[in-house]
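Please work through the exercises below with the sequence and the model open beside you. Each task is followed by a solution that goes step by step.

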Amino acid sequence: MTNSKTTITLAGRRRFWFIFTLLTGTWTMSISQSSLSTVYPTFMQDFGISASTVQWLTTGFMLTMVVMMPISPWLLNNIGFKKLFLTVLVLFDIGSIIIYFAPSFAVMMVGRLIKAAAVGVLFPSYQSILLTITPEAKRGSTMGVAGLVMGSALASGPIISGVVLKFTDWHGLFLVFITVATILIVLSFVTIQDVMVSKPSKLDGLSIVMLLGFAGILYVVNEIGKPNVNWTFGWGLLIVSLLAVAYFTYRQFHLETPLLELRVLKTFNYDLAIFLTAISYIALIVVTIVFPLYYQGVLKVSPFISGLSLVPGAVFLSILNPLTGKLAEKIGYKQIMLIGMSMIVVGWLILALITTKLNLATMILIAALIEGGNAFVMMPAVTLGANSLPNQLISHGTAVITTVRQILGSAGVAIATLILSNVTAAQLKAGVPTLAANLHGYHAVFLTMLGVEIVGVILALLLRDERQKN
C-alpha cells in the first residue's frame with residue numbers, strides 16, 4: 001500500500017475554525033450521548049414506562065451507532081465532508097427537535113435513533129478528517145487536543161444535565177442541544193470545507209444488510225446478566241449475527257470496491273492498535289459504570305456524590321490527552337502506550353490486592369490513575385494505527401477501530417456486571433454478610449480487569465517502533 005495525496009491543505013485561521021467547528025460538533029454529540037442517563041428517572045415518570053423500557057434509549061443508540069460506523073468511509077468518499085458534516089448536524093438537530101416535542105416514548109425513541117445515526121457517522125469521520133489533514137509528525141498533538149475535547153465531554157456531561165435540570169425540566173436539556181446544533185449548522189457553511197478528494201463508488205446494499213450482524217452481537221452482549229432473558233432467541237440471534245459478520249468480512253475481501261476496506265487488517269501495528277484502543281476503552285468504561293455502583297452500594301453515598309466522584313478522573317484524562325500526544329511525537333508511540341498500560345495495570349492491581357473496603361478518596365485517586373493511563377493509550381493508539389496506513393485508507397481504519405472498540409467496550413461492561421452480580425449472589429447464598437458479599441463481587445471484577453489489562457501491556461510490548469522507519 002502506498003501513500004497518495006488526497007487532501008487539501010489547511011493553515012492558519014482556516015484550520016483553526018475548521019477544527020473548532022468540527023470538535024465543537026463532536027463534543028456536543030458526545031455530551032448528548034453521555035448526559036441522558038441522569039434524566040431516565042424523569043422519563044420513566046413522565047411517560048409511565050419501566051426501567052427496562054427507558055434503557056432502550058441507550059441500547060437502541062448503541063445498536064444504531066455500531067451499524068452506521070462502518071458506512072462512514074463510503075459516505076466520506078462519496079458525499080464530501082462538508083455535505084456530510086452538515087447532514088449529520090441537521091439529523092442531530094431534527095432528532096433533538098423530535099424528542100423535545102415528543103408526545104410519547106415511542107416518538108422520543110425515533111428522535112433518539114436519528115441522533116444515533118448522526119453520531120455513528122461522525123465519531124469515526126472526525127478522527128479520519130483530523131488525521132488526514134494533519135502531517136504525520138504532528139498527528140499526536142492534534143489527536144491529543146481531540147482527546148481533550150472528548151474527555152471534557154465525559155466530565156461535563158453529567159454536570160451540564162444536572163445544572164439544566166436544576167432550573168428547568170428535561171425539555172431544557174434538548175433545547176440546549178437544538179440551539180448549539182443550529183448555531184453550528186450556520187457556522188459550518190463558512191468554516192467547513194471539503195478536505196478530501198471524493199472517490200465515488202457504488203454502494204453495496206448487501207454489505208449494509210450484513211452490518212446488522214454487528215448490532216445483533218451487541219444486542220446479545222448487552223442482554224448478558226439481565227433477568228428473564230429469552231436465551232433461545234438470544235443464542236439464535238447470536239449465531240445469525242456471527243454468520244452475517246463473517247459473510248460481511250468475506251465479501252469485503254472479494255469486492256472490487258468494498259464498503260469497508262478490511263485489508264487494513266494486514267498491517268501489524270494497526271492490528272495491535274485496534275486491540276490496545278479497545279482494551280484501554282474497556283478499562284475506562286468499566287470505571288465509569290462499576291465505580292459508581294461501588295460508591296453507592298459499598299460506600300453508601302448518594303447518586304449525586306457518586307456522579308461528582310467521576311469528574312476528577314475525567315478532568316485528569318482531559319488534561320493529559322494533549323500532553324501525551326506531544327510526548328508521543330517526541331519519544332515514540334510504543335513508549336507512550338507502555339506507560340499508559342502500566343498505569344492502568346497498577347490501578348487495577350491495587351484494587352485486586354486490597355480486599356477490604358476502600359474509602360471514597362482512595363477510589364477517586366485510583367480511578368484517576370486508570371483514566372490517566374487511558375490518555376496515554378486510546379488516542380495514541382488511534383494515531384499509531386493511522387500512521388501505519390496510507391492516507392486513502394485512514395477513514396476505513398478509524399471506522400474499523402471505532403466499531404471494534406464499541407463492541408468490545410460493551411462486552412467488557414456486560415462481563416464485568418455479570419461477574420459482579422453472580423459472585424455477589426453466590427456469596428449471599430452461602431450466608432456471607434451483605435458487605436462482604438459485595439466486596440467479593442467487586443474484587444472478582446477487579447481481578448478480571450487486571451488480567452485483561454495485562455494482555456494490553458503484552459500487546460504494547462509487541463508494537464514495532466515507528467521511529468525506526470524514518
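The exercises that follow deal with helix packing, salt bridges and a surface patch.

This is a predicted model, in which local features need pLDDT of at least 70 and side-chain atom pairs count only at pLDDT 80 or more, while totals for chains, interfaces and linings use all residues. Residues are numbered from 1 along each chain as its sequence is written, and side-chain values use heavy atoms, with hydrogens and water left out.

**Exercise 1.** Describe how helices H1 and H6 pack.

Solution. Two packed helices are described by the angle between their axes and by the distance between those axes. Helices here are DSSP runs of H or I with at least four residues, numbered from the N terminus. Helix H1 covers residues 12-34 and helix H6 residues 81-100, and their axes lie 12 Å apart at an angle of about 30°; axes are lines fitted to C-alpha atoms over the stretch in contact, and angles run from 0 to 180 degrees between N-to-C directions. Angles under 35 degrees count as roughly parallel, and H1 and H6 are therefore roughly parallel to each other.

**Exercise 2.** Find the salt bridges and state where the partners of Arg 251 and Arg 263 stand in terms of burial.

Solution. A salt bridge is a side-chain nitrogen of Lys or Arg within 4 Å of a carboxyl oxygen of Asp or Glu, and a search of the whole structure finds 2 of them. In one, the side chains of Arg 251 and Asp 204 meet at 2.7 Å, N to O. Arg 251 lies in helix H12, whereas Asp 204 lies in the loop between helix H9 (170-191) and H10, so the pair ties together parts that are 47 residues apart in sequence. Asp 204 is buried at a relative accessible area of 14%, where buried means under 20%, exposed over 50% and partly exposed in between, with a 1.4 Å probe and protein chains only. Arg 263 forms a salt bridge with Glu 261, their closest N and O atoms being 3.0 Å apart; Arg 263 is partly exposed at 26% relative accessibility, but Glu 261 is buried at 14%.

**Exercise 3.** Which residues make the nonpolar surface patch, and which elements give two or more of them?

Solution. Patches of this kind join nonpolar side chains (Val, Leu, Ile, Met, Phe, Trp, Tyr) within 5 Å, taken from residues with over 30% relative accessible area and no salt bridge. Leu 206, Val 209, Leu 212, Tyr 247 and Tyr 250 make a patch of about 460 Å². Helix H10 (205-210) and helix H12 (231-254) each give two or more residues to this patch. Tyr 247, which lies in helix H12, is partly exposed at 33% relative accessibility.

Notes:
Patches are made of residues with over 30% relative accessible area and no salt bridge: like charges are joined within 9 Å, nonpolar side chains (Val, Leu, Ile, Met, Phe, Trp, Tyr) within 5 Å. Accessible areas come from the Shrake-Rupley method with a 1.4 Å probe; for residues, only the protein chains shown count as cover. Angles under 35 degrees count as roughly parallel, over 145 as roughly antiparallel, 65 to 115 as roughly perpendicular and the rest as oblique.
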